[in-house]
Amino acid sequence: MTITTTPAAELASALQKGETTSVECTTAFLDRIEATNPTINAFLSVDRDGALAKAEAVDTARAQGKPLGPLAGLPVAVKDVLCTTDQKTTCASRMLKTYKPPYDADVVRRLREADAIILGKTNMDEFAMGGSNENSAYGLVRNPWDTDRAPGGSSGGSAAAVAADMAPLAIGSDTGGSIRQPAGLCGITGLKPTYGRVSRRGLIAFSSSLDQIGPMARSAKECAMLLQAIAGHDPGDSTSLNTPVPEYLTNLEKPLEGLRIGRVAEHFGDGLDSEVAEHVEQTFAAYEAAGATIHEVELPHASYGVPTYYLIAPSEASSNLARYDGAHYGHRWDGTPSDDQGITTFDSPLVEMYCRSRAEGFGPEVKRRIMLGTYALSAGYYDAYYAKALRVRRLIRNDFTQAFEKVDLIGGPVSATPAFKLGEKTDDPVSMYLVDLYTVGANLAGIGGISFPCGFTKNNLPVGFQLQGPALSEPLLLQAAHQYQLTTDWHLQRTPAISS
Amino acid sequence: MPAQDEAPPTLTRDDVIKVAMLARLALSDTELSSLTEELSKIVGFVSQLSELDTDEVEPLAHPLDSQNVFREDRPVPSLATADALRCAPRHDEECFLVPAVLGESGSA
């Protein structure tokens with residue numbers, strides 16, 4: 001058994017049977033990271049000592065027959081947007097270059113309680129703002145399928161880590177598609193749960209009414225294992241849902257007979273790559289063959305999703321990121337005067353410190369969004385932009401509510417194209433924003449969505465399929481993806497060898 | 001609200017400076033130029049929402065219909081002072097240290 005290419009579900013059973021140990025598994029993944037990270041740059045920090053110490057503790061406990069958590073001994077990679085007390089949490093920003101949080105995120109606490117082994121923190125777009133992982137202050141991430149291409153973003157490090165066998169399981173976060181889009185472009189499976197299913201405490205806030213943490217892995221079954229461990233109510237996040245967490249794994253094996261899947265004609269308009277369209281249509285056909293029925297549904301306001309998102313998310317971000325003031329934590333201007341002819345007058349020394357610390361600490365995309373959000377919320381523009389976007393948000397949610405009266409799930413593409421070249425979209429913010437076209441709707445409506453591989457292009461790039469479901473439909477989303485993966489092997493394909 | 005056939009607003013450099021001060025960002029000369037162009041383009045793009053008649057639509061601030069959540073009014077320990085101060089760029093035993101709140105800039 002080659003450990004790093006063995007799916008997490010099989011590793012879990014090998015660990016239980018004593019066919020391998022957590023130290024052996026963890027070492028194998030750490031060695032794989034050491035060999036491939038110089039090329040891929042999926043990890044910002046790796047905690048070799050901490051991971052091996054925990055692995056040894058799990059092995060000892062297992063040998064003594066002590067009770068262990070559901071992820072006992074399994075390595076997990078965690079996006080660097082989640083607070084960890086024992087490792088730096090940078091959010092891929094210069095602002096938080098040395099930040100070591102005083103508390104663990106609730107998801108990190110749950111992973112530790114489940115006896116998972118946290119390998120390290122994964123790269124991402126700075127403050128989770130971006131769709132290509134080119135916005136990291138610590139270097140871009142490369143797509144393991146073609147290292148000249150982007151892995152997608154913002155959870156590009158987590159997606160690339162799973163695709164490149166650097167970690168069997170990973171945690172991502174999704175504000176407008178940041179789990180599903182990189183999962184699609186890297187050929188893995190990623191789930192954005194319903195808003196509130198997973199606690200956001202300790203998730204560094206970007207857009208609080210849209211952010212949600214979710215699992216990323218090779219298969220739906222492994223996403224189910226990971227979601228089981230991280231989902232649930234947390235008194236520390238008043239927006240986390242206080243409803244019971246279902247048994248995701250036991251539901252997976254139910255057949256799809258009678259499942260109604262919606263198809264949205266507008267998803268197949270201009271701009272959709274023909275190879276992507278072909279694989280998506282074949283996936284609908286595969287579902288039909290498995291006993292599901294396909295129905296045309298309408299999402300009349302879908303094309304307004306991206307502009308709505310790019311008003312709401314930057315507005316919330318401009319407010320959330322106001323906390324980075326150079327006083328409480330994070331980067332602070334050292335007082336060196338600047339001879340730049342930009343903004344030079346300030347109300348007071350304190351205000352100058354704020355303004356210069358923030359200008360130095362944030363990268364270009366973060367500044368762009370803070371500026372856009374501040375503008376949209378400012379006097380005279382609030383009603384025309386922010387309040388308008390909130391009204392359209394209701395129309396978008398109503399579209400989904402009406403569609404889910406006719407169908408159980410909605411299928412379609414995750415992204416209009418396979419992985420694009422690094423640098424291809426960096427000069428044009430609007431073209432980069434449009435990569436979120438098929439994914440932002442689920443965040444605006446607060447519903448669940450899953451992305452999984454459904455084929456490869458002639459150039460051997462993975463193509464993703466997305467299923468979206470009503471609030472708390474995670475059992476059905478995971479079941480539908482799992483049933484597809486029982487009869488296909490796209491999710492089992494491995495990347496070409498990665499040169500170092 | 002811009003009418004449907006109205007050209008989307010274009011931001012001037014002065015608009016960008018005003019927003020940058022609200023956002024507490026000491027943008028450089030180069031950034032002011034590039035953001036004037038980029039923000040105009042992005043604002044033009046998001047202005048397409050004005051095509052929709054939303055007069056009768058209530059704003060949706062939160063995706064799920066959740067109510068305000070209360071907890072029992074019972075004191076619980078919060079972050080210890082030392083832990084809260086540990087990550088601050090400048091601090092003493094019990095306070096965050098910052099430049100003068102009043103006075104001219106440049107005298108920090």
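This briefing walks through a sheet, a chain contact, a helix and some unusual backbone spots in the structure above. The model is predicted, so please read every value here as computed from it. In chain A, eleven strands form an open sheet with mixed pairing, and 63 residues of chain A are in contact with 54 residues of chain B.

**The sheet of chain A**

- If you would like to trace the sheet across, the strand order is β1-β3-β2-β4-β6-β5-β10-β11-β9-β7-β8.
- The edges are β1 (43–46) and β8 (293–297) of chain A, and each of these strands pairs on one side only.
- From one strand to the next, the twist averages 30 degrees.
- At the β1 edge, β1(A) and β3(A) are joined by three bridges and run antiparallel; here A:S45 sits opposite A:K121 in β3(A).
- Helix α3 (residues 48–63) of chain A packs on the sheet and touches β1, β2 (75–79) and β3 of chain A. The direction of α3 makes about 160 degrees with that of β3(A).
- A handy reminder when you look at any of these strands: in a regular strand, side chains alternate between the two faces of the sheet.

**Strand β9 and its two neighbours**

- Strand β9 (residues 409–413) of chain A is largely enclosed by the rest of the structure, because five of its five residues are buried.
- With strand β7 (residues 260–264) of chain A, β9(A) pairs in the parallel sense over three bridges. One place to find this pairing is A:R263, which stands opposite A:G411 in β9(A).
- With strand β11 (residues 462–469) of chain A, β9(A) runs antiparallel, and four bridges join the two. On this side, A:P413 has A:F465 in β11(A) as its bridge partner.

**Where chain A meets chain B**

- Several helices of chain A each supply at least two residues to the side that touches chain B: α10 (305–320), α11 (349–361), α12 (364–377), α13 (383–406) and α14 (429–433).
- The most comes from α13(A), which gives 13 residues to this side of chain A.
- By residue type, the side of chain A that touches chain B divides into 34 nonpolar, 15 polar and 14 charged residues.

**A look at helix α10**

- Helix α10(A) has 14 of its 16 residues buried, so the rest of the structure largely encloses this helix.
- The length of α10(A) also works out: at 1.5 Å a residue its 16 residues should span 22 Å, and the end C-alpha atoms are 22 Å apart, which agrees.
- When you follow a helix by eye, it helps that an α-helix has 3.6 residues a turn, so residues three or four places apart point the same way.

**Unusual backbone spots in loops of chain A**

- The peptide bond from A:G153 to A:S154 is cis, with omega near 10 degrees. A:S154 belongs to the loop between β3 (117–122) and α5 (156–163) of chain A.
- A:A128 is also placed in the loop between β3 and α5 of chain A. A:A128 is not a glycine, yet its phi is positive, at about 65 degrees.
- A:A128 has 30 other C-beta atoms within 10 Å, so A:A128 is buried.
- A:D165 lies in the loop between α5 and β4 (169–174) of chain A. Although A:D165 is not a glycine, it has a positive phi of about 60 degrees.
- A:D165 counts as buried because it has 22 C-beta neighbours inside 10 Å.

Key. Residues are numbered from 1 along each chain as its sequence is written. Chains are lettered from A and ligands numbered from 1 in the order in which they are written. This is a predicted model: local features need pLDDT of at least 70, side-chain atom pairs count only at pLDDT 80 or more; totals for chains, interfaces and linings use all residues. Two residues are in contact if their C-beta atoms, placed from the backbone, lie within 7 Å. Ala, Val, Leu, Ile, Met, Phe, Trp, Tyr, Cys and Pro count as nonpolar, Asp, Glu, Lys and Arg as charged, and the others, Gly among them, as polar. The expected span of a helix is 1.5 Å times one less than its number of residues. A residue is buried if 20 or more other C-beta atoms lie within 10 Å of its own, exposed if 12 or fewer, and partly exposed in between; C-beta atoms are placed from the backbone. Two strands pair if DSSP finds at least two bridges between them. Axes are lines fitted to C-alpha atoms, for helices over the stretch in contact, and angles run from 0 to 180 degrees between N-to-C directions.
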